[in-house]
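Good morning, and thank you for the time. I should like to speak about enclosed space inside a protein and about one residue of interest.

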Amino acid sequence: MVGVPGRSKGCVTCRRRKKGCDKNEPSCHQCIRSNLKCEGYGRELVWVNNTPNGENGKAVPPPPQGKGSSPQQRPWSVIYTTKKHHSNDTRVALHDSLARSAREELFFGLLISMSLPYGHLLSPKASAISTNGWVAAVDEYYNREPAIRYAALAMSAGFMSVEDKKNQVAQHSQLTLQGLQAYNRAIHEMVKGLNDERRSKNDGVLVAARILQSYELFFGRAPDWRAHIEGQLALFMARGPASFTSGQAHQLYVDGRVLVVMLSIGKRTKSPLNTPEWRTVPWRIVPKSIKDKLMDVMEDIPYMLVSYDNLCACQDPDRMNELYQILMLNCQHISNSLDAWEREIGADLDHFDYTVAGTPVPTPQDDTEISLVYLSSVYWGARLMLYSTLGMAMKYAAEAMSPRSDSIPSFGNSPASSAATGSTPATSPEDAASWSTGSSYGEVPQIKMLNPGIFARKIAHAVPLLYGPAAGAMQGASGLFPMALALRYFATTEPPGQRSVESQMVYDLYAKPFVGSFVGRFLNDLQGPQLSEEQKRDVEAKAQKNVFWYAVLGSENIVRT
């Protein structure tokens with residue numbers, strides 16, 4: 001019986017994370033500051049067999065036990081030591097379980113250190129407002145689901161390849177290839193898992209799908225990224241809302257729901273999760289967080305976008321007035337819901353708002369504040385979509401609708417209606433009347449109109465904080481959605497070839513090490529084929545004439561011409 005190799009006398013947690021340990025008892029201060037469980041100072045003991053029983057003196061793992069059993073497939077290679085004859089070499093051959101543990105800890109530690117703020121799992125408070133709390137499930141299901149191990153290896157190899165390339169290490173291409181091979185193996189294991197009734201109902205498959213989605217964002221292509229999100233959605237629907245009421249399953253759902261909402265907005269279609277059951281049952285045990293409530297609002301935005309599409313496509317003047325009212329009632333619903341959310345979050349929303357905090361905005365001090373940057377940016381993105389749609393509706397109404405007094409709303413400084421709104425947006429005037437008091441058919445609600453550019457600029461000042469050295473790659477990737485919204489606004493409102501200070505701030509993120517360059521490439525991939533500078537200027541000029549919120553995350557070109 002031997003101890004785990006290593007000279008460190010620190011706690012088990014710090015040894016695993018390769019961090020310095022002050023050896024304080026009963027818990028070291030490194031673990032306390034990182035909000036981690038200190039696992040003490042004992043040494044794990046394992047039995048190993050140092051008797052060479054393989055060919056030419058090679059030590060081999062014990063044969064599989066049981067009829068028809070086979071060695072466990074694994075995404076790494078273990079080179080066993082050889083005890084030469086007539087040698088004084090007394091080194092022992094580590095059992096495969098020990099060698100595997102060391103290798104897995106290396107890759108898992110790298111995944112966490114490069115992915116999350118400050119290189120450790122999120123605190124409970126940060127998990128409640130971030131989209132990356134699900135990463136804690138990787139550790140829990142790592143040894144249960146083979147697809148997770150391969151997916152984690154793919155991500156880790158990709159990260160290491162980028163670091164080696166930056167440091168001009170010649171072998172970086174080999175790591176890239178190994179990451180791709182592990183990715184393909186993870187896909188193979190996912191297929192096997194979905195064909196296995198027991199594995200398909202396990203949270204581990206969802207965890208693997210989420211890692212693969214992240215891999216595609218950093219190292220793959222936008223269509224495959226969307227495919228993994230749709231795969232997660234299919235797993236949600238297959239299991240039903242009652243499967244996600246507590247524990248890691250609940251965290252996986254609430255974080256994965258954010259991606260489904262983004263995809264629905266991009267496709268301008270109702271989210272399949274936007275039903276009374278899916279919006280209530282998963283929170284029977286755990287109350288909704290402030291993030292969950294914001295996602296409820298975001299889930300309703302496709303109704304607004306589709307109602308605007310229907311209005312623009314209508315050729316019947318009589319039908320136009322009805323469609324216009326549906327659009328305005330949906331805008332009112334979104335506006336009232338955002339007002340209520342803003343009141344609930346309170347002063348926290350001002351913390352990274354440059355109009356309140358000044359410039360430059362404060363630097364986040366912990367993972368909770370980094371998560372708050374993300375949440376604030378998503379909220380401003382929702383406001384940006386709301387007021388852009390209102391502005392386009394006002395312009396369309398002025399140009400296309402009959403000049404009746406009850407057809408054109410007042411967009412002055414009147415306050416947003418205080419009418420109560422239901423949980424489902426309007427799809428017809430009768431629908432809307434059931435939850436909008438004071439608005440009968442033929443009447444249009446009054447909504448306060450704000451300049452959407454205000455919110456695009458707030459995003460531009462805050463999003464760079466998600467690309468700081470302590471933020472982690474996953475947190476930077478989570479800023480993709482609000483960043484894309486701000487970029488589209490600037491592209492469609494600024495003169496071709498000219499950029500405002502805020503617009504340049506967002507474009508400068510593309511030059512940020514690692515995350516910025518990958519997110520920039522990914523956004524370009526979302527927009528379709530690459531254009532020459534002249535073509536880009538022509539597209540932007542056309543977009544100015546027809547400002548249209550179009551499939552920010554869809555497969556089509558963002559700008560409709």
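A cavity, as I use the word, is a set of grid points where a 1.4 Å probe fits but cannot get out. The volume of a cavity is the space filled by probe spheres set on those points. Please bear in mind that this is a predicted model.

By this rule, the model has six cavities of 30 Å³ or more. The largest cavity holds about 160 Å³ of space. It is lined by 15 residues, of which Arg-210, Gln-213, Leu-259, Ala-477 and Ser-478 are the closest to its centre.

Which elements give two or more residues to this lining? They are helix H9, spanning 203-219, helix H11, spanning 247-267, and helix H18, spanning 473-478. The largest share belongs to H9, with four residues. Sorted by class, the lining comprises nine nonpolar residues, five polar residues and one charged residue.

Where does the largest cavity lie with respect to the domains? Domain 2 (101-285) and domain 3 (288-399 + 447-560) both contribute lining residues, and the cavity therefore lies between them.

I turn now to a single residue, Gln-475, which is located in helix H18. Is Gln-475 buried or exposed? Its relative accessibility is 0%, so Gln-475 counts as buried, the cut-off for that class being under 20%. Setting aside neighbours within four places in sequence, Gln-475 is in contact with Ser-115, Pro-117, Ser-130 and Asn-132, and also with Ile-370, Ser-371, Tyr-374 and Leu-466.

Thank you; I welcome your comments.

Terms used. Residues are numbered from 1 along each chain as its sequence is written. This is a predicted model: local features need pLDDT of at least 70, side-chain atom pairs count only at pLDDT 80 or more; totals for chains, interfaces and linings use all residues. Side-chain values use heavy atoms; hydrogens and water are left out. On a 1 Å grid over the protein atoms alone, a cavity is a set of points where a 1.4 Å probe fits but cannot get out, and a pocket is an open set with protein on both sides within 12 Å along at least five of seven lines; lining residues have an atom within 4 Å of a point. Ala, Val, Leu, Ile, Met, Phe, Trp, Tyr, Cys and Pro count as nonpolar, Asp, Glu, Lys and Arg as charged, and the others, Gly among them, as polar. Domain bounds come from an automatic or database domain assignment. Buried means under 20% relative accessible area, exposed over 50%, partly exposed in between (1.4 Å probe, protein chains only). Contact means heavy atoms within 4.5 Å.
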